[in-house]
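Reader: Can you take me through the charged pairs and the core of this one? Short answers are fine.

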Amino acid sequence: MTEIGFGRGTLVWAQVINMSLSGMLCRTVPELGPQSSVSISMILPDGTRIDCEGIAVRTEEVEGEHRVGIAFTDFEGGGREALARFVFDPEGSKPSPERR
């Protein structure tokens, strides 16, 4: 699950359906309006935390759940590089046996 903040500090959990370097599609409980600015905090399988900003570019309701397409607009620190490693080599982002 990924934590998404929007509005005035409202936090919601989202389940990522798919992700790329440019954005992600996720399921949310509350509906996010188009063009909503969001703050995103996600933890990769290897424990790396990525904080970034985004904007909702697509919203839809599918079978009673809200789906939102978010375009990433800014990353903190080395977040973009960490996401690139995960996207292009997801096996390399799994926890090592000694971290389990």
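Author: We start with the ground rules, then go to salt bridges, the core and one strand residue. This is a predicted model, in which local features need pLDDT of at least 70, side-chain atom pairs count only at pLDDT 80 or more, and totals for chains, interfaces and linings use all residues. Residues are numbered from 1 along each chain as its sequence is written, and side-chain values use heavy atoms, with hydrogens and water left out.

Reader: How many salt bridges does the structure hold?

Author: Three. A salt bridge here is a side-chain nitrogen of Lys or Arg within 4 Å of a carboxyl oxygen of Asp or Glu.

Reader: Which side chain does R27 meet in a salt bridge?

Author: That of E65, at 2.8 Å, N to O. R27 lies in strand β3 (residues 23-28) and E65 in strand β6 (residues 65-75), so the pair ties together parts that are 38 residues apart in sequence. Strands (E, at least two residues) and helices (H or I, at least four) are DSSP runs, numbered from the N terminus.

Reader: Which residues are linked with R27 in a network of salt bridges?

Author: E65 and R67. The R67 to E65 bridge is 3.1 Å, N to O.

Reader: Are R27, E65 and R67 buried or exposed?

Author: Partly exposed: R27 has a relative accessible area of 26%, E65 has 24% and R67 has 22%. Buried means under 20% relative accessible area, exposed over 50%, and partly exposed in between, with a 1.4 Å probe and protein chains only.

Reader: And what does D51 pair with?

Author: R49, in a salt bridge of 3.2 Å, N to O. R49 counts as exposed, at 51%.

Reader: New topic. How many residues has the largest nonpolar core?

Author: It has 19, and I40, I50, I70 and F72 have the most contacts inside it. Such a core is a set of buried Ala, Val, Leu, Ile, Met, Phe, Trp, Tyr and Cys residues joined through side-chain atoms within 4.5 Å.

Reader: Which elements give two or more residues to this core?

Author: β3, β4 (37-43), β5 (49-62), β6 and α1 (79-88). The most come from β6, with four residues.

Reader: Last one, V57. Where is it, and what does it touch?

Author: V57 is in strand β5 and is partly exposed, at 48%. Leaving out residues up to four places away in sequence, V57 touches Q35, G69, I70 and A71, where contact means heavy atoms within 4.5 Å.
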